[in-house]
Amino acid sequence: MSTLRDVISAHTDLTSNSAAHLQRLVAEWQLLADLSFADFLLWGAVKDHPGRYVCLAQVRPTTGPTAYEEDQVNRILEGEDAQHLHIAFTEGRIFREGDPVWRGDVAARHEAIPVRRRDRREVIAVAARDTNLSDTRSPSHLELNYLKTADYLVQMLTDGGFPPPLLPGEPTTAPRIGDGLVRIGSDGLVRYASPNALSAYRRMGVTGHLRDRDLAELTRSLPSNSDVGADAARRIADALAGGTPRRKEIESKGATVLMRALPLRPGGKAAGALVLVRDITEVRRLDRELVTKDATIREIHHRVKNNLQTVAALLRLQARRVGSPQARQSLEESVRRVASIALVHETLSQSGDESVGFDQIVDRVASMAVEVSVAESKVTLRREGTFGVLPSEYATPLVMVVNELIQNAVEHAYPPGQDGEVVINVARDGDHFRVTVSDQGKGLPDGFRIAGSTRLGLQIVHTLVTGELRGTIDMRPRAEGGTEAVVDFALQ
């Protein structure tokens with residue numbers, strides 16, 4: 001499906017500033033559709049074709065039936081079908097006259113609203129408000145207040161006062177009409193509060209009705225934190241004065257409510273403000289639980305890392321006391337294996353989720369392998385490519401595999417004292433990985449097969465790759481001499 005910017009670029013001569021204004025309108029106009037119980041269609045003039053108009057965007061109401069079952073974006077209107085749009089474009093006024101238009105079995109009332117920018121007076125687009133007339137019952141008190149508020153915002157749309165200016169860092173989440181709506185007059189007194197809005201305020205400790213009460217002062221007195229209440233009251237007063245304050249969360253009596261205030265200034269005249277509220281108490285409770293669980297998980301990783309480091313220290317002490325060189329070597333290999341796993345848990349203990357940046361872990365493991373073998377050989381290590389971020393369930397077995405392959409190459413590829421290089425090459429394609437550890441050493445013995453190797457390290461590698469990583473491993477001679485171990489696996 002084409003984006004709004006794509007349709008604007010393909011069909012119209014609108015400037016980038018006008019396109020940005022329409023982008024902000026489309027981001028906010030669900031509010032208009034829900035208050036109006038109607039579809040809103042955004043129409044632009046087709047370049048080089050006077051009298052032809054293209055549908056740039058469409059939004060359906062969540063509060064009533066749609067007038068269009070099919071998507072209207074990219075639809076072209078001209079002639080008599082586009083008369084209401086043409087009048088709004090050329091005369092710069094809201095078009096409300098005309099008979100209902102039938103599409104199949106659905107009759108719809110068409111209105112055309114010219115859209116202007118705050119800084120320009122020419123019409124840049126037309127917003128069509130198309131109402132499905134299949135429901136002909138008398139509107140309720142709630143619906144009448146919704147429609148009155150919608151008419152204020154529609155007038156602001158043609159004056160350039162809606163949508164509100166874009167605020168840097170403003171979150172995209174906002175209360176919707178069904179969450180709770182309060183309309184206050186220019187004197188700050190509540191003219192209407194929807195049942196959900198009343199419920200939200202009652203959860204914060206309000207008793208009685210909201211109607212005819214000063215909402216700013218009422219909100220100021222609610223929270224136990226007076227600064228929060230005063231800040232929320234200032235935002236309501238700012239909206240009454242024509243400003244567009246940021247959204248605000250209010251906490252009181254164990255409840256949390258997200259509030260957004262919008263000015264109502266049709267024709268540039270103060271008509272009060274619209275306050276939208278959403279009870280997000282349960283959402284914030286779940287957020288706090290997640291924060292607590294994240295902290296607990298990080299603490300667990302930290303303790304596991306400490307315990308593994310303790311185990312490594314004990315093994316290192318034991319190795320120093322063992323007389324047999326072979327036993328000492330086995331214990332030192334165990335120290336390195338435990339230390340490599342500890343690195344993963346150390347990284348996870350510092351992370352906010354169960355994923356790790358694996359490159360830094362591999363680099364540290366490689367450095368450790370060189371340090372312990374420097375007395376016997378002069379081998380350097382180099383990494384090509386990047387692992388990126390990996391889930392912890394893959395990071396732990398993979399660090400063991402890479403550690404064993406590096407250690408095997410460092411210890412067995414080159415004779416003591418000989419210069420050499422071990423290269424770790426990483427090729428990542430989406431979720432598929434190919435990791436190659438290669439050297440230019442003396443190569444593999446004849447008839448070598450990793451599955452039949454008696455070396456503990458290679459047995460560990462084969463088991464982890466085929467079991468934990470659900471991948472494959474192949475150790476083979478390089479064409480240029482030496483050995484390469486190739487590990488293929490994919491994130492499931």
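**Salt bridges, sheets and helix packing in the predicted model**

The structure holds 27 salt bridges. The coordinates analysed here are those of a predicted model, and the description below proceeds from the ionic pairs to the strands and helices in which several of them lie.

Side chains of opposite charge can pair when their charged atoms come close. One such pair is formed by Glu111 and Arg109, whose closest N and O atoms are 3.9 Å apart. The two partners are placed in unlike surroundings: Glu111 has a relative accessibility of 5%, which lies under the 20% limit, and therefore counts as buried, while Arg109 has a relative accessible area of 37% and is partly exposed. Both residues also belong to a network of salt bridges that links Arg96, Arg109, Glu111, Arg129 and Asp151.

A further salt bridge joins the side chains of Arg203 and Asp279, with an N to O distance of 2.9 Å. This pair connects distant parts of the chain, since Arg203 belongs to helix H6 (residues 195–203) and Asp279 to strand E11, with their positions 76 residues apart in the numbering. Arg203 is partly exposed at a relative accessible area of 45%, and Asp279 is likewise partly exposed, at 29%.

Strand E11, which carries Asp279, spans residues 273–279 and is joined to strand E7 by 4 bridges, the two strands running antiparallel. Within this pairing, Leu181 stands opposite Leu276 of E11. Strand E7 is also joined to strand E8 (residues 190–193), again in the antiparallel sense, by 3 bridges; here Arg183 stands opposite Tyr192 of E8. E7 and E8 form a hairpin with 5 residues between them, and Gly188 in the turn has a positive phi of about 90°. In a regular strand the side chains alternate between the two faces of the sheet. For E7 (residues 181–184), both faces are covered: Leu181 and Arg183 are buried on one side, and Val182 and Ile184 are buried on the other.

Strands of a sheet pair through backbone hydrogen bonds, either parallel or antiparallel. An open sheet of 5 strands, with mixed pairing, has the order E13-E15-E16-E18-E17. Strands E13 (378–384) and E17 (472–477) stand at the edges of this sheet; each has a single partner strand, so one side of each is left without a neighbour in the sheet. On average, neighbouring strands of the sheet are turned by 15° against each other, direction ignored.

Inside this sheet, strand E16 (residues 432–439) pairs with strand E18 (residues 483–490) over 7 bridges in the antiparallel sense. Ser438 has Glu484 of E18 as its bridge partner. Helix H12 (residues 392–412) packs on the sheet, where it touches E13, strand E15 (419–429), E16, E17 and E18; the direction of H12 makes about 175° with that of E18. A second helix, H13 (residues 456–468), lies across E17 and E18 and runs at about 140° to E17.

Strands E16 and E18 are also linked through their side chains, as Asp488 and Arg434 meet in a salt bridge with an N to O distance of 3.0 Å. Asp488 is in E18 and Arg434 in E16, so that the pair links distant parts of the chain, 54 residues apart. The acidic partner, Asp488, is buried, with a relative accessible area of 14%, whereas Arg434 is partly exposed, at 39%.

Two packed helices are described by the angle between their axes and the distance between the axes. The axes of helix H1 (residues 4–11) and helix H2 (residues 16–28) come within 10 Å and cross at roughly 145°, and the crossing is right-handed. On the side of H1 the contact is made by Leu4, Arg5 and Ile8, and on that of H2 by Ala19, Leu22, Gln23 and Val26. These contact residues divide into 5 nonpolar, 1 polar and 1 charged.

A final set of contacts concerns Gly51, located in the loop between strand E1 (39–45) and strand E2 (53–59). Gly51 counts as partly exposed at 27% relative accessibility. When neighbours within four places in sequence are left aside, Gly51 is in contact with Leu77, Glu78, Gly79, Ala82 and His86. The C-alpha atoms of Gly51 and Leu77 are separated by 8.5 Å, although these residues are 26 residues apart along the chain.

Methods:
Residues numbered from 1 in each chain as written. Predicted model: local features only at pLDDT ≥ 70, side-chain atom pairs only at ≥ 80, totals over all residues. Heavy atoms only, no water. Pairing = 2+ DSSP bridges. Axes fitted to C-alpha atoms, helices over the stretch in contact; angles between N-to-C directions. Contact = heavy atoms within 4.5 Å. Buried < 20%, exposed > 50% of the residue type's maximum accessible area, 1.4 Å probe, protein only. Left-handed = near helix turned anticlockwise from the far one by under 90°. Nonpolar A, V, L, I, M, F, W, Y, C, P; charged D, E, K, R; others polar. Salt bridge = Lys/Arg side-chain N within 4 Å of Asp/Glu carboxyl O.
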